[in-house]
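Please look at the structure shown here and ask, of each label attached to it, what justifies that label.

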Amino acid sequence: MRLPSFPTLIRTFYTITNTTRFAHSPATQKALAPFTRGTVLKSMPTIPFLGSLFSSSTKDMTDYPVQKSDDEWRAVLNKEQFRILREKGTEPPYTGAYDKHSPSSGTYACAACSAPLYRATHKFKSGCGWPAYFDSIPGAVVRHTDRSFGMARTEITCANCGGHLGHVFKGEGYPTPTDERHCVNSISLNFQGEEMGEGRAQ
């Protein structure tokens, strides 16, 4: 019997560990049946080793201007926004609304508190599967060391409310002014068609 390739296994386990409920086609449900066996799959992660690959586990102790309880955030965010922004989850690659979004002007704001984070001119095509920015609006993003999965990565959060945005990577060789890639979840963002001020939203 021919075994599935390693990338195929990773994609399958990613789907299992990141799904809150299934609403797929019958063909997809049939393909995943051996893994589910009728079990209701909970949100991230059911398999810690693989779950940590796609999420962050850092405890953020920063004192942000906007402070809300989990119940208050659930009242203003949908389930997927809460999972990513407040529980530090990750959306599947190549699925986000802003992955291939390429406006000539405008601002990307935090989906949780509306604070402006990135200008449209910061965005570039990286091919990574998530929106990529080479810089942020000054003071809009906070960096933290994320030590999940046994390695040190740099997590980025909204400086106004602490919402999880993604991770930033440096030295990858992209032809940008900073040689940095802010790899951001589309769900963490809202695009505003006109430039916003650089001050924090309240």
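The questions and answers that follow concern a predicted model, and each sets a computed value against a cut-off.

Q: What makes the pair of tyrosine 108 and tyrosine 133 edge-to-face?
A: The structure holds five aromatic pairs, and in the one formed by tyrosine 108 and tyrosine 133 the rings lie 5.2 Å centre to centre with 70 degrees between the planes. Ring centres have to lie within 6.5 Å to pair, and planes over 60 degrees apart count as edge-to-face, so the pair of tyrosine 108 and tyrosine 133 earns that name. This pair links distant parts of the chain, with tyrosine 108 in strand E1 (residues 107–110) and tyrosine 133 in strand E4 (residues 132–133), 25 residues apart.

Q: Why is the pair of tyrosine 108 and phenylalanine 191 called tilted?
A: Tyrosine 108 and phenylalanine 191 are 4.9 Å apart centre to centre, with 55 degrees between the planes. Planes under 30 degrees apart count as stacked and those over 60 as edge-to-face, and because 55 degrees falls in neither range, the pair is tilted. Here too distant parts of the chain are linked, since phenylalanine 191 belongs to strand E9 (residues 189–192) and lies 83 residues from tyrosine 108. Tyr108, Tyr133 and Phe191, together with Tyr98 and Tyr118, form one aromatic cluster.

Q: How do you know whether tyrosine 108 is buried or exposed?
A: The relative accessibility of tyrosine 108 is 0%, and buried means under 20%, so tyrosine 108 counts as buried. Phenylalanine 191, in contrast, has a relative accessible area of 23%, a value that lies between the 20% limit for buried and the 50% limit for exposed, and therefore phenylalanine 191 is partly exposed.

Q: What places the charged end of lysine 68 over the ring of tryptophan 73?
A: The charged end of lysine 68 is 4.8 Å from the centre of the tryptophan 73 ring, and the distance part of the rule asks for a position within 6 Å. The rule also asks for a position within 35 degrees of the ring normal, and the charged end of lysine 68 is counted as sitting over the ring.

Q: Why is there no bond between the sulfurs of cysteine 113 and cysteine 158?
A: The sulfur of cysteine 113 has its closest cysteine sulfur in cysteine 158, at 3.6 Å, whereas a disulfide needs the two sulfur atoms within 2.5 Å, so the pair is too far apart for a bond. For cysteine 128 the nearest cysteine sulfur is that of cysteine 183, 4.1 Å away, and cysteine 128 is in no disulfide either. The structure as a whole holds zero disulfides.

Q: What makes lysine 88 and glutamate 155 a salt bridge?
A: Their side chains meet at 2.7 Å, N to O, and a salt bridge requires such a nitrogen within 4 Å of a carboxyl oxygen, so lysine 88 and glutamate 155 qualify. Lysine 88 lies in the loop between H5 and E1 and glutamate 155 in strand E6, so the bridge ties together parts that are 67 residues apart in sequence. A search of the whole structure finds seven salt bridges.

Q: How do you know that glutamate 180 is buried?
A: Glutamate 180 has a relative accessible area of 10%, and because the limit for buried is under 20%, glutamate 180 is buried. Arginine 143, at 43% relative accessibility, counts as partly exposed. The side chains of glutamate 180 and arginine 143 meet in a salt bridge (2.8 Å, N to O), and Arg143, Lys170 and Glu180 are linked in a network of salt bridges.

Q: What is notable about the phi of lysine 88?
A: Most residues other than glycine have a negative phi. Lysine 88 is not a glycine, yet its phi is positive, at about 60 degrees. Serine 114, in the loop between E1 and E2, likewise has a positive phi, near 75 degrees. At 11% relative accessibility lysine 88 counts as buried, whereas serine 114 is partly exposed, with a relative accessible area of 40%.

Definitions and conventions: Residues numbered from 1 in each chain as written. Predicted model: local features only at pLDDT ≥ 70, side-chain atom pairs only at ≥ 80, totals over all residues. Heavy atoms only, no water. Phe/Tyr/Trp six-rings, centres within 6.5 Å; stacked < 30°, edge-to-face > 60°. Helix = DSSP H or I, 4+ residues; strand = E, 2+ residues; numbered from the N terminus. Buried < 20%, exposed > 50% of the residue type's maximum accessible area, 1.4 Å probe, protein only.
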